[in-house]
Amino acid sequence: MYSLSATLVIAANLGLSLAQTTVTVNTGTTYQIIDGFGFSEAFGFGEAVQSAPSSQQTQALNYMFSTTEGAGLTILRNRIAADPSDTIEPNSPSSPSGTPTYVWNDNDESQVFWSTQARALGVKYIYADAWSAPGYMKTNDDYEDGGYLCGVTGETCSSGDWRQAYANYLVEYIELYASAGVTIDFVGFLNEPEFAATYDAMLSDGTQAASFIPILYDTIQSAGLSTGIACCDAEGWNDQVTYTAQIIAADAEQYLARITSHWYTSQGTSPIDTTLRVWETEYADLDDSFSTTWYSSGAFSEGLTWANYIYQGLVECNLSAFLYWVGAQADSNAAGLVTLTGSGSSTVVTPSSILWAFAMFSRYIRPDAVRVETSGAPSNTNIAAFQNTDGTVVVVMINKGSSTESVSLGGISVSSVAAYYMDNSVSAPAIFSATLSGGSIAATLPAYSVVTFVLSHKSGDNAEVNTGPVQLVVHDLNVDAST
Ligand SMILES: *[C@@H]1O[C@H](CO)[C@@H](O)[C@H](O)[C@H]1NC(C)=O
């Protein structure tokens, strides 16, 4: 109330037309737990960083993992290769019960390097995903071009039922990583199972996945591992809605740890009906050039566009994680967050504006944070709020419009506020001036910007911040361009 009337007076003095919106952040009403944000270095994309000179290597790793110099990403998605030149089991043991011969080069197309670095630099979850079973386990006898795992619902092969052999193979992969010092937290056995790609690809619907999931679960348990199963990395959200319903109907949801989906053929616009945490595990601009443009026309390759997608995932779809496709790679297009150009000591490492869109969330919203309720927002503004396990409250405000938005955060028992912004005037997230005075915070959101507020409570005020409503009063001044 105090800050509300104070700000009204200021507005009246300026003689501006005032469209006032009050935004309330209520930390007493909580939604999904946030697991984090991430990317992949599949298909050897990460080799350029592994072989880069040490200063450029450090720079690239910092862009991915540092919470001060980069995006502070905390999830790495690895590929379990089925391609005979990269898989751990290139040759068929002749029959499903034959003794497999595994091969392991301790590198796995640079994914061992990346996994080790990721862990050392604070990554919480490593998700290993198989795009396909090896070809000899499939109806089409090929690791690519679709085909089904022999033995799933409705699919039989003259060579027999390979479901247990596939589960053994996935567990062997997890154990090889363990022997390299890397824990695999989650394992997936499908990637875009509605799409028969000309690279590792295997078809499945949710019912067929459910006819394999309990076998994989039992095999993981018998091996004494705690790796959770993720399914199904559908190419689009709408397909994953269907697969999830089929898995639930087959009573197999109980064996899963995460529901996973891509956003290529359809983006998420509402939650998937499941009690499990849901991750968006792959989405990217696959076609355009690498871009450092934050905002120009709202194009797919611009940072502000991706800030809004992340918001859409977290707020509209109840996501616990949002992953881009590629992290850092050589001569990247927009599918990568960071590009390495040139070679040797003259290698140049460049972050995209999309990396900085992630940073505005992932630097500050840390693993195990919980999304909390907000209500009200000025026009053209998306607002989301989270509470970290240390009690700090993170409020992300995206101003999608061409006008500034005047904001007053009041009624909160905060001892300090730190704020950061990203817009066209800066090339990386920068300190945002937000002053704490008389218990309220005054700030003006720049046009086409993301501003992230990190609110710390007064010492001894923990209970109040954890349970009490936090009121933010936001005034949409709609400043006339001529004033
Ligand atoms: C959101 O996700 C959580 C799991 O993280 C789930 O328990 C909850 O039911 C979901 N809410 C909605 C509205 O889908």
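The following paragraphs lead through a predicted model of a protein chain and its ligand, from the overall fold to individual residues.

The protein chain has 483 residues, of which 53% are buried. Its secondary structure comprises eleven helices and 21 strands. When contacts between residues at least 6 apart in sequence are considered, 73% of them join residues at least 24 apart.

The largest nonpolar core contains 143 residues, and the members that touch the most other members are A60, L149, L170, I213, C231, F358 and V395. This core lies between domain 1 (11–31 + 370–476) and domain 2 (36–367), because both domains give residues to it. In soluble globular proteins, nonpolar side chains tend to be buried together. The surroundings of L149 can be listed in detail: beyond its neighbours within four places in sequence, L149 is in contact with A133, M137, K138, W162, R163, Y166, M202 and F212.

Several of the core residues named above belong to elements that can be followed separately. F358 is among the buried residues of helix α10, which spans residues 353–362 and has ten of its ten residues buried. The buried set in α10 also includes W356, M360 and F361, together with S353 and S362.

V395 belongs to strand β14, on the face that also carries V393, M397 and N399. The opposite face of β14 holds V394, V396 and I398, and the residues on both faces are all buried. Since seven of the seven residues of β14 (residues 393–399) are buried, the strand is largely enclosed by the rest of the structure. In a regular strand the side chains alternate between the two faces of the sheet. The partner of β14 is strand β13 (residues 381–387), which runs antiparallel to β14 and is joined to it by seven bridges. Within this pairing, A385 has V395 as its bridge partner. Five residues lie between the two strands of the hairpin, and G391 there adopts a positive phi near 95 degrees.

Strand β2 (residues 36–40) is likewise mostly covered, with five of its five residues buried. G36, G38 and S40 point one way from β2, whereas F37 and F39 point the other way. Two parallel pairings involve this strand. One is with strand β9 (residues 319–330), through four bridges, and here S40 stands opposite V326. The other is with strand β3 (residues 75–80), over three bridges, where F39 has L76 as its bridge partner.

V123 provides a link to this region from a loop, namely the one between α4 (111–120) and β4 (125–130). The C-alpha atoms of V123 and F37 are separated by 9.7 Å, although the two residues are 86 residues apart along the chain. Apart from neighbours within four places in sequence, V123 is in contact with F65, T74, I75, L76 and A118. V123 is buried because 22 other C-beta atoms lie within 10 Å, against a cut-off of 20 or more.

A second buried loop residue is F432, located between β17 (430–431) and β18 (435–437). F432 counts as buried because it has 22 C-beta neighbours inside 10 Å. Not counting residues up to four places away in sequence, F432 touches A419, Y420, Y421 and V451. Its C-alpha atom is 7.7 Å from that of A418, a residue 14 places away in sequence.

The ligand is surrounded by Q32, I33, P271, T275, R277, N318 and S320. By class, this shell divides into two nonpolar, four polar and one charged residue.

The backbone geometry of certain residues also deserves attention. Most residues other than glycine have a negative phi, and most peptide bonds are trans. N318, one of the residues around the ligand, has a positive phi near 65 degrees. N318 is found in the loop between α9 (303–316) and β9, and it is partly exposed because 17 other C-beta atoms lie within 10 Å. D331 likewise has a positive phi, of about 45 degrees, without being a glycine. D331 is found in the loop between β9 and β10 (336–341); with 11 other C-beta atoms within 10 Å, D331 is exposed. Finally, a cis peptide bond with omega of about 15 degrees joins C231 and C232. C232 is placed in strand β6 (residues 228–234), and C231 is one of the core residues that touch the most other members.

Technical notes:
Residues numbered from 1 in each chain as written. Predicted model: local features only at pLDDT ≥ 70, side-chain atom pairs only at ≥ 80, totals over all residues. Core = buried A, V, L, I, M, F, W, Y, C linked by C-beta atoms within 7 Å. Buried ≥ 20, exposed ≤ 12 C-beta atoms within 10 Å, placed from the backbone. Domains from an automatic or database assignment. Contact = placed C-beta atoms within 7 Å. Pairing = 2+ DSSP bridges. Near = placed C-beta within 6 Å. Nonpolar A, V, L, I, M, F, W, Y, C, P; charged D, E, K, R; others polar.
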